[in-house]
Structure formats: structure tokens, C-alpha cells
Amino acid sequence: MTEKKSKLANAGINTQLAHNGFTPKDYHGFINPPVVHASTVLFDNARGMETRAQPYTYATRGTPTTDALCEAIDELEGSAGTILVPSGLAAVTVPMLAFLSAGDHALVVDSVYQPTRHFCDTMLKRLGVTVEYYDPAIGAGLAALMKPNTRLVHTESPGSNTFEMQDIKAISDVAHRHGAVVTMDNTWATPLYFKPLEHGVDISIHAATKYPSGHSDILMGTVSANAQHWEQLKQANITLGICGSPDDSYQILRGLRTMNLRLERHQESALHIARWLEQREDVSRVLQPALPSFPGHDLWKRDFTGASGIFSFILKVDSPDQFRAKAHAFLDALSLFGLGWSWGGYSSLAVHVGLSDRTITKVPEDGPVLRLQIGLEDTKDLIADLGVGFDAAGSI
Ligand SMILES: *Cc1c(COP(=O)(O)O)cnc(C)c1O
């Protein structure tokens, strides 16, 4: 460990985020890393080319820009190495391709990000991998589903859209007893609010598209591995030829510098609005792990150090045939909340969530599920906007 690294390891999170990943002295004192656009890297002589005896050899294998971001992520995740990929979805699919082979069995949480399920049910299936979904509340009960050929257990906590919490430590312990790799999509919490590798996970996955980017303008994924799994992950990445671009890597590192400050605000505003929603007669339930009323709250409190700004609520309806009409009336009346996918940016978004892909998790039957990404706007303005939505839904 360099002197700078050991100093930073004991520093507060804002100090770490302001200084990790790049040492200005290494590049003429410029405080940010250079954006290196490259394919070719030149060698001094033929012998050097033959032995590849220099830090950089070809840009698919990293540049000073991508290294700066990977180092910053490693410091946050406590990982042995990180790869960059062009989207959060690729950050899920690449480790699955790295660790699964034909004839293997994989266990994937039922509340998983829907495109992850699509990859499992199409491409993984075609490649001869059997995928089985499990209840997010399974905990140590996962043991009953482990088979001799179970090679990988994929977790995501909280789950996408409905935010079910998982007992990551219990699940990792079972998986490891059976020799399986544990992957976790940690996009919701970011490594600031949950550090997967400290809870037994082998591979931590992040859609950097969300909070690290913070501005709804970059797609990128990061995959961070512990020492035992780093070499295989790295080799798979090199074999597949999937890498992060220099400009996007630069922007994500830039986003990290302010990520804790932004997350604090996202968290504060989201909790304020979640509590306001909980008090309303026309809201059936609020699905936000940081609320004591949420079924997985105890696990969240035990393992997480914060909550991000995305959660869902269930609109109250009189009968099931009103689900779509009320949800659409609500959404169409909003003007500050945009209707759009993704989250983690500075502006608020709302989505009517579809859950028809779930096979085990109970889909809420008390009303339509509306997901909110609470941005950095002033909460009084957001609450006024939501109020207009409730008025419109109430008139249906
Ligand atoms: C958004 C998201 C992804 C995918 O990220 P993209 O960059 O949009 O591909 C993966 N996992 C989770 C949990 C997400 O929310």
C-alpha cells in the first residue's frame, strides 16, 4: 500500500472520494487524470514488444484514464480488481459469462433487474446453463436449492422495483459451502451504503450509469472482484474485448467526487417524500427499505449505512380494473417528474412498474406499483407535483 492509500483508508468518505483513484504528481500536477484516447501503445524495442514488459500494451487492456477509475472503485469496494464495461447490464452479463459453463446450474433472485432475467432465460439457456429463480427472503434456506452443479448465485438487494431485502451474508455462506461464486448487483446502495465484499460476496456489480454518473448522460458498468475471483474475471473481460471508453471513464470518476454529497440529498429528500406518502389515504403502501414499516427493514438496518433516492409506492384502488387507468392518470399529470427509465440523475422520474416477469415473489395486488426516483430538486416542489398526480388519479 502506498503512503497515500494507507492515509486514505482511514479517512472519511468525502475525503476518500476527493482524493482516490489518481495521484496528481503522476501527471505533472494536473489534479484530474488525462483522458487518453488510444488503441495502439508503442514499445521501445522488439524485445519489449515480445515480453509486453511495460505497464500499458494495448488500450483494450486499460489506459491511465480507465486505471484511475478502476483504482477509485477498488478503494471503495475493497476489491482486488475492477473491470469497466459499457453498461450496467453488461456488468451483470460479463461475470455470468466469466464463471458459468454449459451444464452448470445458477440461482438468481426472483426480484432481479428484468434485463438480467432476460439474459438468463435466453442467452444463458442457449449456452446450456440452467437458471433457477429463488425467493429474495430465502436466506440460509438457499441450501435446499443448491445442486452439485450450482456454480453461481446472483443476488440483488434491495430487489428491482419492489425493493425486497436479502440476507446477503447467509446466502453467501451457503453458496460458499457448496463452492459457488456469489455475485451481487449493488446498484441501489452504491459502495457508499453497502460494501458487498465485506458481507461475503465475491463479485460486486454496479450500474455506474446511475449515481456515479449522476447526470443521466453516461452508460457504464463496473465489476469488482475479490482476490480469489479477480484473475478469472479479468481474463474473461480481455477474452470478450469489452471495455469502458476513455471519455465515459473520465466522467464517471468526476461523478464519484461528489457522489456522497448527492446521495445524502437524494436520501434525505426520498425519505421525506416516502414519509409524506405513507400518511396519505390514497396510498396503500410505500416500498422503501429505510422505512420501519417495510418488511425487510431489519435487514436493511443491520447491513446498510444509508438508503438511496429510489423507491416505490402502491396507489390505492377500489378494484383491479382501475390499476392502469389510475396509474396513467397519476403519471400524465406530473410535470417535474419525468416519465423515463433509469435513475441516479439530478432530476426526478416516475414509472408504472410492470412485474409480470416474477415467478416466485408475490406481486402486490392492492394497486399499481409506481416507482419514484427522487432527484435533487426542492422537496416542496416535488410534493406539489405529486399532489397534482394524486388529484388526477382520484378523479378516475
Ligand atoms: C439500471 C440497472 C442496471 C443496468 O444499467 P444500464 O447501464 O442501464 O444497463 C443493472 N442493474 C440494476 C439494478 C439497475 O437498476
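## Ligand site

The ligand is surrounded by 13 residues, counted as near if one of their heavy atoms lies within 4 Å of the molecule. Among these, G88, L89, D185, T209 and K210 are the closest. The structure is a predicted model: local features need pLDDT of at least 70, side-chain atom pairs count only at pLDDT 80 or more, and totals for chains, interfaces and linings use all residues. Residues are numbered from 1 along each chain as its sequence is written, and side-chain values use heavy atoms, without hydrogens and water.

By class, the shell holds five nonpolar, five polar and three charged residues. Here Ala, Val, Leu, Ile, Met, Phe, Trp, Tyr, Cys and Pro count as nonpolar, Asp, Glu, Lys and Arg as charged, and the others, Gly among them, as polar.

## Polar contacts and cover

Ligand oxygen atoms pair with G88, through a backbone N or O atom at 2.7 Å, and with K210, through a side-chain N or O atom at 2.7 Å. A ligand nitrogen atom lies 2.6 Å from a side-chain N or O atom of D185. A polar contact is a pair of N or O atoms within 3.5 Å.

The protein covers 89% of the 380 Å² of accessible area that the ligand has on its own (Shrake-Rupley method, 1.4 Å probe).

## Helices α5 and α9

Helix α5 spans residues 88-99 and helix α9 residues 227-240; helices are DSSP runs (H or I) of at least four residues, numbered from the N terminus. Their axes come within 9 Å and cross at roughly 110 degrees. Axes are lines fitted to C-alpha atoms over the stretch in contact, with angles from 0 to 180 degrees between N-to-C directions. The two helices are therefore roughly perpendicular (65 to 115 degrees).

In α5, V94, P95, L97, A98 and F99 meet H229, Q232, L233, A236, N237 and L240 of α9, contact meaning heavy atoms within 4.5 Å. The residues of this contact divide into eight nonpolar, three polar and no charged.

Note on methods: A polar contact is a pair of N or O atoms within 3.5 Å; within protein, one must be able to donate a hydrogen and the other to accept it, and residues adjacent in sequence count only if both atoms are side-chain atoms. Angles under 35 degrees count as roughly parallel, over 145 as roughly antiparallel, 65 to 115 as roughly perpendicular and the rest as oblique.
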